[in-house]
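Biologist: I should like to examine how the descriptive terms applied to this model are justified. Please set each value against its criterion.

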Amino acid sequence: MSEKTASRSGFFANLKIGTKIFTGFTIVLVLMAALGAISFLSSKRGSDSLEAYSQQGEIAELTAEAQSDLVRARLAVTSFMNSGETTDVEAFRAADQKVQEDFEAAQGSMQTEANQEKVQQILSNQRSYSDLFEYFVSLRKQRIPSSRLP
């Protein structure tokens, strides 16, 4: 039976106690180093993901602001159509400028080219809308000469 016990424990049974302790600490040290490396890599990946999430949050915030300003611009157009007031034209221009700034800032933060192209299309549509509004203002000015119009 002693032969079976000795063969099961193999070379470890023949080592001195100091060597066994040193081997045990070395194994623990190697495992701790491996765990540290895995933790570091996992932390780095988590940090990168958090940074990407933060950037997406910024884009969402800028887009929401742009949408709010777009609604303000459209309300100014509606108000101008009803009243013809200069203040409505100025409100439209201010809101339109803010829409363009917000979308351009969001576009600069975007990583994918497809998303950047979509924002470019939105900006192009917004510029067309602005140009048409300015044309409408000039037509209204010709039709109704008034001190209220710019």
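The exchange below takes up a helix, its buried residues and the aromatic pairs in turn.

Modeller: Please bear in mind that this is a predicted model.

Biologist: What makes Phe 25 count as exposed?

Modeller: Its relative accessibility is 59%, and the term exposed requires over 50%. Phe 25 therefore counts as exposed. The residue is found in helix α2, residues 17–83, and together with Ile 17 and Ile 21 makes a nonpolar surface patch of about 360 Å².

Biologist: How does the reach of α2 agree with the span expected at 1.5 Å a residue?

Modeller: Helix α2 has 67 residues and reaches 98 Å from its first C-alpha to its last. The expected span is 1.5 Å times one less than the number of residues, here 99 Å, and the value found is close to that. Just after α2, Gly 84 takes a positive phi of about 75 degrees.

Biologist: Which elements do the buried residues of α2 pack against?

Modeller: They pack against α3 (86–109) and α4 (113–143). Among these buried residues are Ile 59, Leu 62, Ala 66 and Phe 80.

Biologist: Why is Phe 80 called buried?

Modeller: Buried means under 20% relative accessible area. Phe 80 has 0%, and is therefore buried.

Biologist: How many aromatic pairs does the structure hold?

Modeller: It holds four aromatic pairs. In one of them, the ring centres of Phe 80 and Phe 136 are 6.0 Å apart and the planes are at 85 degrees.

Biologist: Why is that pair called edge-to-face?

Modeller: Rings pair if their centres lie within 6.5 Å, and planes over 60 degrees apart count as edge-to-face. With 6.0 Å and 85 degrees, Phe 80 and Phe 136 are therefore an edge-to-face pair. The pair links Phe 80 in helix α2 to Phe 136 in helix α4, 56 residues apart. Phe 136 has 31% relative accessibility and so counts as partly exposed.

Biologist: What makes the pair of Phe 92 and Tyr 129 tilted?

Modeller: Their centres are 6.2 Å apart, with 50 degrees between the planes. Stacked requires under 30 degrees and edge-to-face over 60, so the rest count as tilted. Phe 92 lies in helix α3 and Tyr 129 in helix α4, so the pair ties together parts 37 residues apart in sequence.

Biologist: How do you know whether Phe 92 and Tyr 129 are buried or partly exposed?

Modeller: Phe 92, at 1% relative accessible area, is buried. Tyr 129, at 28%, counts as partly exposed. Ring pairs link both of these residues with Phe 80, Phe 133 and Phe 136 into a cluster.

Conventions
Residues are numbered from 1 along each chain as its sequence is written. This is a predicted model: local features need pLDDT of at least 70, side-chain atom pairs count only at pLDDT 80 or more; totals for chains, interfaces and linings use all residues. Side-chain values use heavy atoms; hydrogens and water are left out. Patches are made of residues with over 30% relative accessible area and no salt bridge: like charges are joined within 9 Å, nonpolar side chains (Val, Leu, Ile, Met, Phe, Trp, Tyr) within 5 Å. Accessible areas come from the Shrake-Rupley method with a 1.4 Å probe; for residues, only the protein chains shown count as cover. A salt bridge is a side-chain nitrogen of Lys or Arg within 4 Å of a carboxyl oxygen of Asp or Glu. Helices (H or I, at least four residues) and strands (E, at least two) are DSSP runs, numbered from the N terminus. Buried means under 20% relative accessible area, exposed over 50%, partly exposed in between (1.4 Å probe, protein chains only). Contact means heavy atoms within 4.5 Å.
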